[in-house]
Amino acid sequence: AVSLSAVAIEREQEEKALRDSERKFRAVFEQAAVGVAVLDTPTGRYLDVNQRMCEITGLSHREMLAKTFMDITHPEDLEEDLRLVRRLINGQIPSFAMEKRIIKPDGSICWISLTVSPLWHAGEPPLRNMAVVQDITARKEAEAKYRREVEYNRALISNTSVFMLALDPDGRIIHVNQAFLQGMGLKEKEVLQRSLWELRLLEKGEAAEPRMRVRDMLMAGDNQAREVRMRTKSGESRIIEVHSSWTRKMDGTPERLIITGTDVTE
């Protein structure tokens, strides 16, 4: 009787511990700031989802449980998702993460960061897996906007007739546009990582100043226009109106000197 009582007490304690663990898991599951879902691995059907997952997908809890992840995944991203799931089932990877698009009920697109982990141990059948989802739509839109601005700036720099150069804090050229190369009769490989005074493009009266001027601008961020006399590779004299300004790093230290020049010889 004592032995049976001990077994019964031990089992009751284990069941209580299990219930406590399940309550804690449920609390975390429901209150998580990210979307969390448990899926049936063979079919991809949602078995359970938290409120945040419903908010991200735009579907109710009941609607989610009637869906598979294939139903809401953007067709262009589905193949890669399925490929990773197959590798997970085959034991080739312990988990996986990817960025993909889902289609909401109103037809709008939501970008998510997805992490999938198995809920089975080695040797067990791959029955369930857990997906953790974060809405990254705002980040993706910001990235797309940044890429558009970069392309716009690149097109502007490439097609303008204004000379444009970028120098590092030591005065070495790290970028030039085609207008400068064509105007001075140079090739890009002839100027990159060299300073203006090394290139001997400045006339004798100007050649002694640029090193000191770069140093002064490093301290003051001088952006005053000035005219300098330069010689093209073929020896032709040109008068260039120059503007310059520094871009700076997060800590305020100079990163690069941007120089723009307009040929005012005529």
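Let's start with a single contact: Leu165 stands opposite Ile259 in S10. That spot belongs to a run of paired strands, and from there we can work outward to the rings, the empty spaces and a few single residues. Keep in mind that this is a predicted model.

**The paired strands**

- S6 and S10 run antiparallel to each other, and 5 bridges hold the pairing.
- On another side of the story, S10 also pairs with strand S9 (residues 237-248), again in the antiparallel sense, over 9 bridges.
- In that pairing, Val242 has Gly261 in S10 standing opposite.
- S9 and S10 make a hairpin, with 5 residues between the two strands. Look in the turn for Gly252, which has a positive phi of about 95°.
- S9 has a further partner in strand S8 (residues 226-231): the two run antiparallel and are joined by 6 bridges.
- Val242 turns up again here, since Arg226 stands opposite Val242 in S9.
- S8 and S9 form a hairpin too, with 5 residues between the strands. In this one, Gly235 takes a positive phi near 100°.

**Rings and a charge**

- How many aromatic pairs are there? The count comes to 1 aromatic pair.
- The partners are Phe163 and Phe180, set edge-to-face, with 5.6 Å centre to centre and 90° between the planes. The angle counts as edge-to-face because it is over 60 degrees.
- This pair ties together distant parts of the chain: Phe163 sits in strand S6 (residues 163-167) and Phe180 in helix H7 (residues 178-184), 17 residues apart.
- Are these two rings' residues buried or exposed? Phe163 has a relative accessible area of 7%, so it counts as buried. Phe180 is buried as well, with a relative accessible area of 1%.
- Elsewhere, Lys140 lies over the face of Trp111, 4.5 Å from the ring centre.

**The largest pocket**

- The largest pocket has a volume of about 420 Å³.
- Its lining is made up of 15 residues, and those nearest the centre are Ile157, Ala166, His175, Arg256 and Ile258.
- Which elements give two or more residues to this lining? They are helix H6 (137-159), S6, strand S7 (173-176) and strand S10 (254-263).
- H6 gives the most, with 4 residues.
- Sorted by class, the lining of the largest pocket has 6 nonpolar, 6 polar and 3 charged residues.

**Closed spaces inside**

- There are 2 cavities of 30 Å³ or more.
- The second largest cavity has a volume of about 180 Å³.
- Of the 20 residues lining the second largest cavity, Leu39, Phe69, Leu114, Val116 and Ala131 are the closest to its centre.
- Helices and strands both feature in that lining. Two or more residues come from each of helix H2 (51-57), helix H4 (69-72), helix H5 (75-89), strand S3 (96-103), strand S4 (109-118) and strand S5 (128-135).
- What is the mix of classes in the lining of the second largest cavity? There are 14 nonpolar, 4 polar and 2 charged residues.

**Some single residues to look up**

- Pro125 is in the loop between S4 and S5. With 49% relative accessibility, Pro125 counts as partly exposed.
- Pro125 and Pro42 are 83 residues apart in sequence, while their C-alpha atoms are 10.0 Å apart in space.
- Pro42 also comes up with Arg86, a residue in helix H5. The two are 44 residues apart along the chain, and 9.8 Å separates their C-alpha atoms.
- Arg86 is partly exposed, with a relative accessible area of 49%.
- Leu196 belongs to helix H9 (residues 196-199). Its relative accessible area is 15%, so Leu196 is buried.
- From Leu196 to Ile173 is 23 residues along the chain and 7.6 Å between C-alpha atoms.

Methods. Residues numbered from 1 in each chain as written. Predicted model: local features only at pLDDT ≥ 70, side-chain atom pairs only at ≥ 80, totals over all residues. Heavy atoms only, no water. Phe/Tyr/Trp six-rings, centres within 6.5 Å; stacked < 30°, edge-to-face > 60°. Buried < 20%, exposed > 50% of the residue type's maximum accessible area, 1.4 Å probe, protein only. Lys NZ or Arg CZ within 6 Å of the ring centre and 35° of its normal. 1 Å grid on protein atoms, 1.4 Å probe; cavity = no way out; pocket = protein on both sides within 12 Å on 5 of 7 lines; lining within 4 Å. Points joined across faces, edges and corners; volume = space filled by probe spheres on them. Nonpolar A, V, L, I, M, F, W, Y, C, P; charged D, E, K, R; others polar. Pairing = 2+ DSSP bridges.
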